[in-house]
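Subject: A structure for you to look at

Hello,

I am passing on the structure we talked about, and I would be glad if you opened it beside this message and followed along residue by residue. My notes come after it.

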Amino acid sequence: MLRIILLGPPGAGKGTQASRISEKYNIPHISTGDIFRKNVKEETALGLKVKEYMNKGSLVPDDLTIQLIEDRLSADDCKNGFLLDGFPRTVYQAEQFDKYLSERNLSIDHVLDIDVKKEELLTRLIGRRVCRNCGATYHVINMPPEKEGVCDVCGGELYQRADDTEATVENRIEVYLAQTKPLIDYYEKSGVISHIDGATGLENVFNDIVDVLGA
Ligand code: AP5
Ligand code: MG
Ligand code: ZN
């Protein structure tokens, strides 16, 4: 049983590592960003509400985000743990989430804070490509697919996220520093946080995470 929060700036590698953690520890990977993007693509009522915020690189309002997470965590597959990627992202979200957990006698086992410096984040995000079909993530230089524009896993088309333009990436990093980074102190107080250097290469980052979580 593991309940994990992944913290870190845009491009730190949360999604990349989350896929591996989810597979190794057999817990669902819950990315608020992925769920919002799916809703935008399908033009649901929620998607229409969040699209503007996401395209600007601003945060979606807390109430929508908290509701989304509470609904998702009530599903059966979360009974034996979960891996949150991109939530909480404000101190208010973290406080509300703590309330939610304590009302259910639950607690978080690990907060993994993956850190990478700003110049590297820009390069990573501007070069990121994602599979439209299965969500696999690539990088045009660091992790290119075998055939340009085509997913190695499923043959799907690779695309660039709407918020991966230079101006929007700058804003996302600003938003992270102002609104999300304070969560490091917040979780430092509860003693569950571990700091992971996210710039050491995919395998090393994963090994450092496994060292924290246990093999
Ligand atoms: P979200 O989808 O969560 O985006 P993000 O936090 O900006 O993070 P990213 O997905 O961009 O980065 P990542 O850390 O997952 O990196 P990745 O593994 O892909 O959120 C998007 C938007 O949704 C927000 O802006 C907001 O509007 C909204 N939202 C979501 N949650 C919210 C919330 N709780 N409250 C309010 N609003 C919310 O890797 C990046 C690239 O680097 C890839 O190309 C990858 O191949 C490469 N890479 C990864 N690891 C390495 C490595 N070790 N070495 C070299 N390259 C690497
Ligand atoms: Mg991600
Ligand atoms: Zn694919």
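Cys151 is buried, because its relative accessible area of 3% falls under the 20% that serves as the limit for that word. Please keep in mind throughout that this is a predicted model, and that every value in this message was computed from it. Cys151 is placed in the loop between strand 6 and strand 7, the latter being residues 158-159. If you would like a sense of distance, the C-alpha atoms of Cys151 and Leu59 are 29 Å apart in space, while the two residues are 92 positions apart in sequence.

What does the sulfur atom of Cys151 do in the model, and which residues join it in coordinating the zinc ion (ligand 3)? The SG atom of Cys151 coordinates this ion together with the SG atoms of Cys131, Cys134 and Cys154, at distances of 2.3 to 2.4 Å. The angles among the 4 donor atoms run from 97 to 115 degrees, and the site is tetrahedral; the rule behind that word asks that all angles lie between 85 and 135 degrees. Along the chain, the donors follow the spacing C-x2-C-x16-C-x2-C, a pattern that you can look for in the sequence yourself.

The cysteines of this site are worth comparing for their exposure. Cys131 has a relative accessible area of 2% and is therefore buried, whereas Cys134 reaches 40% and so is partly exposed. Gly155 is found in the loop between strand 6 and strand 7, and with a relative accessible area of 49% Gly155 is partly exposed, since the exposed class begins only over 50%. Gly155 and Asn80 are 75 residues apart in sequence and 32 Å apart in space, again from C-alpha to C-alpha.

The next part of the model to look at is ligand 1. Around ligand 1 there are 35 residues, and the closest of them are Thr16, Thr32, Ser58, Arg128 and Arg172. Sorted by class, this shell holds 12 nonpolar, 15 polar and 8 charged residues. Helix 1 (14-25), helix 2 (32-41), helix 6 (118-126) and strand 6 (137-139) each supply at least two residues of the shell, and helix 2 gives the most, with 4 residues.

Which atoms of the protein form polar contacts with ligand 1? A backbone N or O atom of Gly11 lies 2.9 Å from an oxygen atom of ligand 1, and a polar backbone atom of Ala12 is 3.3 Å from an oxygen atom of ligand 1. In the case of Asn142, an N or O atom of the side chain is 3.3 Å from a nitrogen atom of ligand 1. Taken alone, ligand 1 would expose 1000 Å², and the protein buries 96% of that area.

Some details of the backbone also deserve a careful look. The peptide bond from Phe87 to Pro88 is cis, with omega near -5 degrees, and Pro88 is found in the loop between strand 3 (81-85) and helix 5 (91-103). Asn26 has a phi near 55 degrees, which is a positive value in a residue other than glycine; Asn26 is placed in the loop between helix 1 and strand 2 (29-31), and it counts as exposed because its relative accessibility is 68%. For Asn105, phi is likewise near 55 degrees, a positive value in a residue other than glycine. Asn105 belongs to the loop between helix 5 and strand 4 (110-115), and at 75% relative accessibility Asn105 counts as exposed.

Finally, here are two buried residues that you could locate for practice. Pro9 lies in the loop between strand 1 (2-7) and helix 1, and its relative accessible area is 2%, so Pro9 is buried. Pro9 and Ile21 are 12 residues apart in sequence and 18 Å apart in space, C-alpha to C-alpha. Ile173 lies in helix 7, which covers residues 166-180, and Ile173 counts as buried because its relative accessibility is 3%. Between Ile173 and Glu188 there is a separation of 15 residues in sequence and of 21 Å in space, C-alpha to C-alpha.

Best wishes

Key. Residues are numbered from 1 along each chain as its sequence is written. Chains are lettered from A and ligands numbered from 1 in the order in which they are written. This is a predicted model: local features need pLDDT of at least 70, side-chain atom pairs count only at pLDDT 80 or more; totals for chains, interfaces and linings use all residues. Side-chain values use heavy atoms; hydrogens and water are left out. A residue is near a molecule or strand if one of its heavy atoms lies within 4 Å of it. A polar contact is a pair of N or O atoms within 3.5 Å; within protein, one must be able to donate a hydrogen and the other to accept it, and residues adjacent in sequence count only if both atoms are side-chain atoms. Accessible areas come from the Shrake-Rupley method with a 1.4 Å probe; for residues, only the protein chains shown count as cover. Ala, Val, Leu, Ile, Met, Phe, Trp, Tyr, Cys and Pro count as nonpolar, Asp, Glu, Lys and Arg as charged, and the others, Gly among them, as polar. Donors are N, O and S atoms within 2.8 Å of the metal (3.2 Å for Na, K and Ca); water is not among the atoms, so sites may look incomplete. Four donors count as tetrahedral if all angles lie between 85 and 135 degrees; four count as square planar and six as octahedral if opposite donors are over 155 degrees apart and all others between 65 and 115; anything else is irregular. Buried means under 20% relative accessible area, exposed over 50%, partly exposed in between (1.4 Å probe, protein chains only).
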